Each structure stands twice: as structure tokens, then as C-alpha cells.
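Trainee: I am new to this structure. Please take one part of it and go through that part closely.

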Amino acid sequence: MAAGIGRVFVILLVFVFSSCQSLFGGGESYKRQLTVQLNSSSTTPGGDLLHVRAVGGNDTLHFLFSSQGAPTLLIVHTNSSSSTVKVNWPQFLARNTSGSLTVEPQSSVLYSTAVVFSRLLEYDDENDTADATSSFFPAYELKDFSWSQMNLSDFTAVLCGSPPHSSNGSLCLQLSVFGSEGRVDIWPRLLHSANSSQLEVWLNGLLPRSNTSRFVLELQAVGGAYPLSKVDVNHFIDDEYTPSIFKVAQWVSSANNSSDVLGFVQWKPVAYRNSHPSLEDATPCRHSKPQSQGGNSTAASSALIKAFYSDPTAMGMNVSFGIAGEPFYNTTMFLSWTMLVGVGAPPIDSFSPMVIGILTVGLGIPIVLLLGGGIYVVIMKKRETSGAAYEPIN
């Protein structure tokens, strides 16, 4: 009996050790090979067009980022590792013809989605209620901004613009495309995959029109038959990567209300009032319910939407920054917010290997001690019983 219990004890030790080893060892995630091409406004007047081609084993993601009109990110997923993007430049620059940008072969296109940064809204929150329903100043139409040339570094592009007839401050967007799973080092440290890109938006030095101003960013999601239509908010218990934040929001697209997600925009409901934030610089953000928009008006504001979609379907959503009692924008003159845009199911946050390892060891050691103590008690009782028995008389 003791030998059998001992074998169970050894097996449990091996299980705990192998579990920790597998947790810390990790595994290979899906990877893509990236290539980048930038058509600068110095050669294509009116704005830049960036194309990042992400090739997988038997598919390709085309990330297209344009400052022709309102800044727009378009993602096209194909079932071919050799699909390409074709642009009819005279028609594209004219912005009056759909079909001037295509992905070939067109039969390989599985899904496409686009996000347009359409307007920046500013309101006077004199009563400190953070109720973004009134006291709005005239909106900043981002299609009318003066956009600089994109600053490209590897697979990250930064685009900055300022309101017309003004050089005070800027609104910037930074697009990053990834070949594998991981996180960037700056909060909110969203988990990205090879099927997603990351967009960080920030206001820097833009002069507010009131000492109690707060801002709202208007987004428009564009697709064909299945645009991004609903926002799901998921809760979790770990704030290891984004301190004090226990929720993640996902603006998703699904076919005929099925559970399969075709595309997504994902973010954590937090913005930061400093470019190198600490916990004190975090400020909550909220989103509105997505509403149907006019596809033609969206296409008129974005050259990329007009060029790719012949019959665009658009949904609009606002993201407001700050809540009642939070500092106003003019305290730091800076505000940043980060989101992921991708295809397929959004990445799912989980405990890090270190946390899981600590939990495994923390739970495993007591179990091992309890089992070892039980084995010891059973063995000692067996010996006592054997010693107290009558010896046979020969």
C-alpha cells in the first residue's frame, strides 16, 4: 500500500513540474511575413497611402492607411499568399470613382473592414458632468486637416495633422502592424496578434476653446455586407498589463448574428494624459452605441473608402474621454487612446506565464504537503497496527 501511495506522490510532483515548465516555455504563435510600401504625398499629391502586406501560410492581410481625406485604415483579408493591391492613381486622386483601388485576384477576397477617423468634437464641460450632449464647439472635420507626410519606421507609421489655418498643436495617429503575437511596452499594453494592427491616437498641444474643455472622437466603421455593428464589453480579474482596468470593449462584425467574429476594433476603456503615463495619468473613456451612417457621405470624406467600396455600409460610434471630477484637457494639453483593428476573433487576454506559474506553485505546494502528510500518517498507523498485534506461537 505504501509503495502505491508513494507512486501517486511521485506522479503528482512530475505533473506540477511539467505544468510549470509548459507554462514558462510558451509556444509558437501564428506568424506573418511583412513588407511595406509608402506612396508619399511628394509623389501622390493630396496625402499618403501606406500599404503593409502581411503574408501567412495560405492567406494575406493587406493593411492600407491613407491620409487622403479623413485618415482611414482599410484591412483586406484574402485566401491567397500571392494577392496584390492595384491602384489606378489618376482615378484614386480624383476621388470620384469607386474601383480605383482593388485587391487582385478579386475572387480571393474573404473579408474587408475599414475605420475612418471622421471628426474630433470639443465641448465645454463647465458644470463638470462629462455629459457630452450639449455645449459643443464647431467640430473639427479631420478630412480638412493639414496632414504631414507619414513618418515610417519599420512597420510603424506616424501621421500628424493640424486644423486648417492653424499650427497650434496637432492630432496624431500611429499605426503599427505586427508579424506575430505580443505587446508593446507602453500602456495599455494591448495583446496583439499577427491578424491585428494597433492604432494610437493622441492630441498634443491643441489649444482648447474653453478652460473646461473635454473631447470626443468620432469613428466610422465601413464594410460590405457585414460592417462592425455591435460593442461587447468583457470583464476579467487580471490588471497586470493595464493597472486598475478590468474591462475590454470590442466593436465586432459577425455574419447573420452568428457567434463567429469576422473583424473587430478592440480597446480598453482608458486614455492617458501624458505621453509617458503613470497610473495617475489614466482617465476613463466611454463609447456610444453604434449607429447606422450614410455610406456615401463617409466615402465622400475618405479617398480610400471611395476607391475600394462600390456600395459601402457604415456604422458610427463616439468615444468620449474623461468623467465627472477628472482633470480637464488643459491640465496637461495631452490625451492619448489606443485600439486594435483586425480580422477574425479578437485576442483574448489571460494571466501571464509568471502569474500562472506563481498560482500553480502556490496551489501545488500545499497539495503536495497535504498528500505527503496523509501518506506519512497512513504509513505510521500501519506500522503501529502491525506492532500491536499478537505474535504467533510456534
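Mentor: What follows is a close look at one strand, β22, and its surroundings.

This is a predicted model, in which local features need pLDDT of at least 70 and side-chain atom pairs count only at pLDDT 80 or more, while totals for chains, interfaces and linings use all residues. Residues are numbered from 1 along each chain as its sequence is written, and side-chain values use heavy atoms, with hydrogens and water left out.

Strands are DSSP runs of E with at least two residues, numbered from the N terminus. The loop between β21 (313-321) and β22 (334-343) holds Met 333. Met 333 is not a glycine, yet its phi is positive, near 60 degrees. Most residues other than glycine have a negative phi.

Then comes the strand. Of the 10 residues of β22, 10 are buried, so β22 is largely enclosed by the rest of the structure. Buried means under 20% relative accessible area, with a 1.4 Å probe and protein chains only. In a regular strand the side chains alternate between the two faces of the sheet. In β22, Phe 334, Ser 336, Thr 338, Leu 340 and Gly 342 point one way. Leu 335, Trp 337, Met 339, Val 341 and Val 343 point the other way, and residues of both sets are buried.

β22 pairs with other strands, where pairing requires that DSSP finds at least two bridges between the two. β13 (196-204) runs antiparallel to β22 and is joined to it by 9 bridges. Within this pairing, Gly 342 of β22 has Ser 196 opposite. Strand β17 (residues 261-267) is also antiparallel to β22, with 4 bridges between them. Here Leu 340 in β22 is the bridge partner of Gln 266.

β22 also takes part in a nonpolar core, a set of buried Ala, Val, Leu, Ile, Met, Phe, Trp, Tyr and Cys residues joined through side-chain atoms within 4.5 Å. The largest such core has 50 residues, and Phe 117, Trp 251, Trp 337 and Met 339 touch the most other members. β22 gives the largest share of this core, 5 residues. Another core, of 20 residues, lies apart from it and includes Ala 70, Phe 92, Val 116 and Ala 314.

Finally, consider Trp 337 by its contacts, meaning heavy atoms within 4.5 Å. Leaving aside neighbours within four places in sequence, the residues in contact with Trp 337 include Leu 199, Glu 200 and Val 201. Among the others are Leu 217, Leu 219, Trp 267, Cys 285, Val 319 and Phe 321.
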